[in-house]
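Trainee: I would like a close look at one part of this structure. Please take me through the empty space inside it, and what lines that space.

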Amino acid sequence: MTPARIFIARAIFPEVAQRLAQHCEVHQHSLGRPWAEGELVQHLQGMDGALTTGAERIDAALLAACPRLRIVANMAVGYNNFDVPAMTAAGVQGTNTPDVLTETTADFGFALLLAAARRMAEGERYLRAGHWKEWRYDLLAGAEVHGTRLGIIGMGRIGQAIARRAAHGFGMEVVYHNRSRLEPALEAACRARYVGKEELLRTADHVMLVLPYSSAVHHTIGAAELALMKTTATLVNIARGGIVDDAALAQALRAGRIAAAGLDVFEGEPAVHPDLLTVPNVVLTPHIASATVRTRLAMAQLAADNLIAFFEGRGPLTPVNTPLPRPPAE
Ligand code: GLV
C-alpha cells in the first residue's frame, strides 16, 4: 500500500516530523508568514492528511479543491479554524489536542493576570528606560489579586484549572459564566459559583476569558461590556482573538474605564490593533499560552498520533467530528 501523503503546514519539532515520516510521506513548508490567498490549497492538493495550527483555515472551498484529503489534525485545542460541518459533510476527519495543554495554559492565564494587575510589564519598561531614581509609595501601584473576586467566562477544562489556582492558591472567590452550568461536584472542586454574565462583569475584580471562539461569541466583550466592569478591573484574554473588540478595549484602557488587560490573542493576529501597541496598561504576548517545550512537544505528538492512528485504520484519539463517508478520490 502506498503511504499516506501528509502536509505539515507549520514547522514542528523535527523528531515528530521524523516519526511521522516512518508512517507517511511527509511534505513540509516553513512559511514564516500568514498564508497568501489560495496558497494553502495548492499545498494540500494531492494530500491525504494535514497537520495544521489555528492559522490554517479549513473551509468548504478548500475541501472541494482537495478531494484526497481525509484528515486534518490541528495542533491546538481550539479548532475554530475548521468549518466543522463542511468537513463532516465532505467526509474529512478533524482532530485537536485537548488535555495535554490544560495546566500549562492555565498557568499562563494566571501569569498574564498577575503581570497586568501588578503592572509588571510597565515596571520593566520603566526600569529599562532608566526612570527608576527613588523608592516611591505609589510607584506602579496596581490592583490586588489574592483574596479578590475572579470572574471566568468559559468554564471548560482550562477555565476549571484557572479556577482551582485562583481558589486554592490565591484565596480568590471565583464566579463563572458558561454555556451550561457545571455539575455540583465540579463546581465544588473549583470552588466556583455560577452567575449571569452581567453580574460577573459588574462584580468581578478581574475577568478571564477562556471560552472557545465561534461567530456567536464574536465581541462578547465590547464597549458596553467594558463599561459594566469595575474601573479597577483587569481583563485577560487567553481564548481567541475576536472574542474581545480590541479597538474598544484599547479605548477603555486609555480612558481608564478599566485598569489593565493581558492579551495573548488578537483579532486578525498576528496583526495587532495599533491602538493596543500604544496603551501602557496592557500586557501583550504572541499567542504563547501553551508554549512550554514539554507541552508543545506533547501537542505535536498528539497531532501526529491522530494522523498515524487514522491512517492505520484505528480511528483518531481526539476527534472533533464524525465525518460522513467520503467518496474515494480519483
Ligand atoms: C491555542 O490557542 C490552542 O487552541 O491550542
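Mentor: Here is a walk through the cavity, with a short look at a pocket afterwards. Keep in mind that this model is predicted.

Start with the general idea. Rolling a probe the size of a water molecule over the atoms shows where empty space is left.

Now the cavity. Searching the whole structure for cavities of 30 Å³ or more turns up 1. The space in the largest cavity comes to about 40 Å³. Its lining includes Ala115, Ala116 and Arg119. Met120, Ala121 and Glu122 are also part of the lining. So is Ala260. Pro280, Asn281, Val282 and Val283 complete the list. Three elements each give two or more residues to this lining: α5 (102–117), α6 (120–128) and β12 (282–284). Helix α6 supplies the largest share, 3 residues. Sort the lining by class and you get 8 nonpolar, 1 polar and 2 charged residues.

Next, the second largest pocket. About 200 Å³ of space lies there. Trp35, Ala36, Glu37, Gly38, Glu39, Leu40 and Val41 are among the residues that line this pocket. Ala55, Glu56, Arg57, Asp59 and Leu62 belong to the lining too. Helix α2, residues 39–44, gives the most to the lining, with 3 residues. By class, this pocket's lining has 6 nonpolar, 1 polar and 5 charged residues.

Look back at the two linings. The cavity's has 2 charged residues. The pocket's has 5.

Definitions and conventions:
Residues are numbered from 1 along each chain as its sequence is written. This is a predicted model: local features need pLDDT of at least 70, side-chain atom pairs count only at pLDDT 80 or more; totals for chains, interfaces and linings use all residues. Side-chain values use heavy atoms; hydrogens and water are left out. On a 1 Å grid over the protein atoms alone, a cavity is a set of points where a 1.4 Å probe fits but cannot get out, and a pocket is an open set with protein on both sides within 12 Å along at least five of seven lines; lining residues have an atom within 4 Å of a point. Grid points are joined across faces, edges and corners, and a volume is the space filled by probe spheres set on the points. Helices (H or I, at least four residues) and strands (E, at least two) are DSSP runs, numbered from the N terminus. Ala, Val, Leu, Ile, Met, Phe, Trp, Tyr, Cys and Pro count as nonpolar, Asp, Glu, Lys and Arg as charged, and the others, Gly among them, as polar.
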